[in-house]
Amino acid sequence: MATSTAAALCRSHFLRISCLCTNVARSFSTMNGPLCFRATQLLCAEPPKKKKRVDPKLEMMRQQRMLKRMRKIQFKMGDPELKPIEEFRSDKKLLLDERRKREAPDLTYEEQERRALLQKDWARHKFQEHVAETQRIRDLLKAQEKALRELRAESEELYQQAVQVDQGLFPFEVTGPTYTPPIPGYAKTSPDGEYVDISKQYK
C-alpha cells in the first residue's frame, strides 16, 4: 500500500514538472565540458621574506670585486680600458673644509642699484642687437627672393641650378695637424725643471 502511494506521488510530481516545462524555451550549449560550477585556481601568495641588513662596507667591497671581474672580462675580450679624466675629480676633503667656504659680501644700496641698472642696460642692448640681426636676415631673404625671380625671368635653366641644395656644405669639416712631434732635448732644458712622466698607461 505504501509503495503504490509513493509511486502515485512520484507520477503526479513528474507530470506537474512536465506541464511546467512545456512553455519554457529550450536551449543548448556548445561547450565541450558539462555545464557545472567552476572555480579558479588557488592563488596563494608567498609570505614576504625578511630583509637582511647588509653592512655598507661589505656592499662596497662586493661592488669593487664585481667591477674588477668586469674589467678582467673586458681586457680578455680586447676592449680598451677607458682613460679617466683626472681634471674633473676633486678631493672630498677640500669640499668639506669649512675654511674654504666664502660668504658673499654684503652690498650697499648704491651698489645694488648700480648692478640693477647695469643689468637693465645689458638686456636693452641685447634686445636691440637681436632686433637688428632679425631685420638684417629678413632683408637678405627678400633680396634673395627678388634675385631668384629676376633670374627665373631670364633663364629657367639657370634658376633650377641656383635653387639646388649644396650637398657638400654640411657637415663642415676642417683638417689640420693631428700630431705634434716632441722637441728634442726639451725635457733636459725645461724651464720648470726636471720633467718625469708619471702618467698612467692605458691599453
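Hi everyone, let me start with one residue: R62 has a relative accessibility of 38% and so counts as partly exposed. By that I mean between the cut-offs for buried (under 20% relative accessible area) and exposed (over 50%), with a 1.4 Å probe and protein chains only.

A word on the source. This is a predicted model, where local features need pLDDT of at least 70, side-chain atom pairs count only at pLDDT 80 or more, and totals for chains, interfaces and linings use all residues. Residues are numbered from 1 along each chain as its sequence is written, and side-chain values use heavy atoms, leaving out hydrogens and water.

Back to R62, whose side chain meets that of E59 in a salt bridge, at 2.0 Å from N to O. Salt bridge here means a side-chain nitrogen of Lys or Arg within 4 Å of a carboxyl oxygen of Asp or Glu. Both residues belong to helix α2 (residues 56-77), 3 residues apart, about one turn of the helix. E59 is partly exposed too, at 28% relative accessibility.

Now the whole chain. We have 5 helices and 0 strands, taking DSSP runs numbered from the N terminus: H or I of at least four residues for helices, E of at least two for strands. Of the 203 residues, 1% count as buried.

How confident is the predictor? Mean pLDDT, the per-residue confidence from 0 to 100, is 76 for the chain, with 65% of residues at 70 or more. Among the elements, helix α1 (residues 2-21) has the lowest mean, 49, and helix α4 (residues 109-154) the highest, 95. Over residues 13-25 the pLDDT is below 50, and beyond near neighbours in sequence that stretch has 0 contacts in the model; a contact is heavy atoms within 4.5 Å.

Let's stay with helix α4. E111 and R114 both sit there, 3 residues apart, about one helical turn, and they form a salt bridge with the closest N and O atoms 2.8 Å apart. Together with R115, these two are linked in a network of salt bridges. Further along, K126 and E129 meet in a salt bridge at 3.2 Å, N to O; they too are 3 residues apart in helix α4, so about one turn separates them. The count of salt bridges comes to 7.

Finally, the unreviewed UniProt entry annotates residues 134-161 as "coiled-coil region", and such annotations may be inferred rather than shown by experiment. In the model, that range is 96% helix and 0% strand, with its end C-alpha atoms 28 Å apart. Thanks, everyone!

Technical notes: pLDDT is the predictor's confidence in each residue, from 0 to 100.
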